[in-house]
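Me: Please take a close look at the largest cavity of this structure. I should like to know how much space it holds and what lines it.

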Amino acid sequence: MKHIFAVDIGGTAVKYALVSPTFEVNNLGEFPTPYEGPEALIDAIVHALEPYRDQVDGVGISLPGTVTDDPDGTIARGGALTFMNGVPLGKLIRERTGLVCTVENDGKAGVLGEYASGALMGCRSGVVVVLGTGIGGGILIDGKVWKGSHFFAGEFSFIYDDPHEPLGMDALFAGRAGARGLLEQVVAAKGLPADTQLSGREIFDLANAGDAGAIEGIRRFAAIVARQIYDLQVILDPDIIAIGGGISAQPLLHKLIGEEVDKLYAAFENLKVFPPPKAHVVPARNGNNANLIGAAYRCNELLGEA
């Protein structure tokens, strides 16, 4: 078996790589996301593929938005890439290259990547929660990604996290546990002006240097994440919940999330009810390559090799 040419389309850049049959990522490259329309994006993907054409068996694509399960890889809604709405991307790539092509939502590709060679290897069921600008993720049940009736399962950004706020970003999980939520918690804990701007890197640099306010703000943020980890565990009862995203590489964040999860379950000691199974929370392993690996896994499924 040859490699899969894996493509991860993002809002600012398109990453690509050759992914081996054992899910090793090689020949990484990227180019700016073209916004001129579907033809420009397809042209750029085909151009990037050309040097590796004889080394691959298929093309696997990950991108934001809602992707249907039809054989043409049709994108119902392209998320930030609105020009991709209704585009049968898999069919168009197949016609241009003569190769099998699969298309998958980026959150669902990420959970497949962790299942293929990461934190969910060997699991029967698992969840990946990606902490970023919003909250991405995916759900694995019996070794298959659960997509739901409208292909929307795993879109954790839209969880209504604060019923005391009207429905909007201030109340959604994306607003409270995305990058904006982290900043708000740290600014409040440190008593800084509300319009203070700090990057995630700056926040964790402060915390890792012992800044008490930054640590407290991250703890408050971790408590929000822990509450939804608890809810996902009760609803889905997965073997593992893996936390991904750029800030997931911070050991302090995982430590604080673990402590906040422990607090929730410790509360059952004072209740006269049987406690639910405790969530097994781990860091995701594949980082920025998870979507590429998952896109390759999805293509291998179609080829009968996964």
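Reply: A cavity here is a set of grid points where a 1.4 Å probe fits but cannot get out, and its volume is the space filled by probe spheres set on those points. The model is predicted. On these terms, the largest cavity holds about 30 Å³ of space. A search of the whole structure finds one cavity of 30 Å³ or more.

The lining of the largest cavity consists of S125, G126, V127, I139, L140, I141, L236 and P238. Two elements, β8 (125–131) and β9 (135–141), each give two or more residues to this lining. By residue class, the lining divides into six nonpolar and two polar residues, with no charged residue.

The cysteines may be considered next. The count of disulfides comes to zero. For C299, the nearest cysteine sulfur is that of C101, 7.0 Å away, whereas a disulfide requires sulfur atoms within 2.5 Å; C299 is therefore in no disulfide. C299 has a relative accessibility of 0% and so counts as buried. C123 is also buried, because its relative accessible area of 9% falls under the 20% limit.

Helix α1 offers a further view of packing. This helix covers residues 38–49, twelve in number, and reaches 17 Å from its first C-alpha to its last, close to the 16 Å expected. Its buried residues are P38, L41, I42, A44, I45, V46, A48 and L49. Those buried residues pack against the strands β1 (3–9), β2 (13–19), β3 (25–32) and β4 (56–63), and also against helix α2 (89–97).

Definitions and conventions: Residues numbered from 1 in each chain as written. Predicted model: local features only at pLDDT ≥ 70, side-chain atom pairs only at ≥ 80, totals over all residues. Heavy atoms only, no water. Helix = DSSP H or I, 4+ residues; strand = E, 2+ residues; numbered from the N terminus. Expected span 1.5 Å × (residues − 1). Buried < 20%, exposed > 50% of the residue type's maximum accessible area, 1.4 Å probe, protein only. Contact = heavy atoms within 4.5 Å. 1 Å grid on protein atoms, 1.4 Å probe; cavity = no way out; pocket = protein on both sides within 12 Å on 5 of 7 lines; lining within 4 Å. Nonpolar A, V, L, I, M, F, W, Y, C, P; charged D, E, K, R; others polar.
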